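Please look through the sequence and the structure shown here. The paragraphs that follow go through them step by step.

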Amino acid sequence: MSSRIAFGRKCLVLMVLVVLTSAAWAGQWTVLGPDGGDVRSLAYDPHNPDHILLGTSTGVLFTSLDGGRTWARFVQLGSGDDFVLDHIAINPQDSNNIYVSAWSVVNQQAGDLFRTRDGGKTWETLAGMHGKSIRAMALAMSDSKVIVTGALDGVFRSKDGGDTWE
């Protein structure tokens, strides 16, 4: 009987140690920000890994130039705060070309695909994707002009950087 009690005490001590150890480990996380909606997407510039873009559930795109230590509001995409920025793709050949896909929480059948060719100074919506609720997006590694999107109404591909779609 005493061996069962000793075994039980050892198990209890072990469980307490596991809980305390995991709690101490979890305390090592540091909030890097920014405030401005739930984080939905992240992408880094392949030519400068310290340049990170972060998309939120309120249509705001943030940028960091120091590996995430500090953040700045970069741009608000869409007409309000109803766009969820789920995917960001930076062209690996030219990091001035950036694509951001979005869908609307107000009308889940709506959304847009945004593109900048000048590093974010100006943005445009791509006509062939206008109004589509885009839930997936990728650039082809072999040819960055090939973009594939998955929307609620189908899968679409562009072979010319988003100018035309099939």
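How many residues lie between E1 and E2 in the hairpin that they form? The number is 2. The model in which this hairpin is seen is a predicted one. Strand E1 covers residues 39-45, and strand E2 covers residues 48-56. The two strands run antiparallel and are joined by 6 bridges. One of the pairs in this ladder links Val39 with Thr56 of E2.

Before going further along the chain, it helps to have the overall plan. The protein chain contains 1 helix and 11 strands. Its pattern along the sequence is α-β-β-β-β-β-β-β-β-β-β-β, so the helix precedes the strands when the chain is read in that order. Of the 166 residues in the protein chain, 39% are buried. Contacts between residues at least 6 apart in sequence can also be sorted by distance along the chain: 33% of them join residues at least 24 apart.

The chain continues from E2 into a second hairpin, which E2 forms with E3. Here 3 residues lie between the strands, and Gly59 in the turn has a positive phi of about 80°. E2 and E3 run antiparallel, with 4 bridges between them. Within this pairing, Gly55 is placed opposite Leu61 of E3. E3 also pairs with strand E4, residues 72-76, again through 4 bridges and in an antiparallel arrangement. Leu61 takes part here too, standing opposite Val75 in E4. Leu61 therefore has Gly55 opposite it in one pairing and Val75 opposite it in the other.Why can E3 be called largely enclosed by the rest of the structure? The reason is that 5 of the 5 residues of this strand, residues 60-64, are buried. The burial applies to both faces of E3. On one side are Val60, Phe62 and Ser64, and on the other are Leu61 and Thr63.

A further set of strands comes later in the chain. Four strands, in the order E5-E6-E7-E8, form an open sheet with antiparallel pairing. E5 and E8 stand at the edges and have a single partner strand each, so one side of each has no neighbour in the sheet. In general, the strands of a sheet pair through backbone hydrogen bonds, in a parallel or an antiparallel way. At the E8 edge, 2 bridges join E7, residues 111-116, to E8. One pair in this part of the sheet is Arg115 with Glu124 of E8.

Two aspartates can be followed within this sheet. Asp86 is located in E5, which spans residues 83-90. Is Asp86 buried or exposed? Its relative accessibility is 13%, and Asp86 counts as buried because the cut-off for buried is under 20%. Setting aside residues up to four places away in sequence, Asp86 touches Arg40, Ser41, Ser101 and Trp103.

The other aspartate, Asp112, belongs to E7. Asp112 has a relative accessible area of 7% and is buried. Beyond its neighbours within four places in sequence, Asp112 is in contact with a number of residues, including Phe83, Val100, Ser101, Thr125, Met129, His130 and Lys132. Gly131 is another of these contacts, and the side chain of Asp112 reaches the backbone nitrogen of Gly131 at 3.5 Å. Leu126 is 14 residues from Asp112 along the chain, and the C-alpha atoms of the two are separated by 7.3 Å.

Which residues line the largest pocket? They are Ala43, Tyr44, Pro46, Ile88, Ala89, Ile90, Pro92, Leu139 and Met141. E1 and E5 are the elements that give two or more residues to this lining. E5 gives the most, with 3 residues. By class, the lining has 9 nonpolar residues, no polar residues and no charged residues. The volume of the pocket is about 210 Å³.

The last stop is Ala140, in the loop between strand E9, residues 134-139, and strand E10, residues 147-151. With a relative accessibility of 23%, Ala140 counts as partly exposed. Ala140 and Lys159 are 19 residues apart in sequence, and their C-alpha atoms are 9.6 Å apart in space.

How values were computed: Residues numbered from 1 in each chain as written. Predicted model: local features only at pLDDT ≥ 70, side-chain atom pairs only at ≥ 80, totals over all residues. Heavy atoms only, no water. Buried < 20%, exposed > 50% of the residue type's maximum accessible area, 1.4 Å probe, protein only. Pairing = 2+ DSSP bridges. Contact = heavy atoms within 4.5 Å. Polar contact = N/O pair within 3.5 Å; in protein donor to acceptor, adjacent residues only side chain to side chain. 1 Å grid on protein atoms, 1.4 Å probe; cavity = no way out; pocket = protein on both sides within 12 Å on 5 of 7 lines; lining within 4 Å. Points joined across faces, edges and corners; volume = space filled by probe spheres on them. Nonpolar A, V, L, I, M, F, W, Y, C, P; charged D, E, K, R; others polar.
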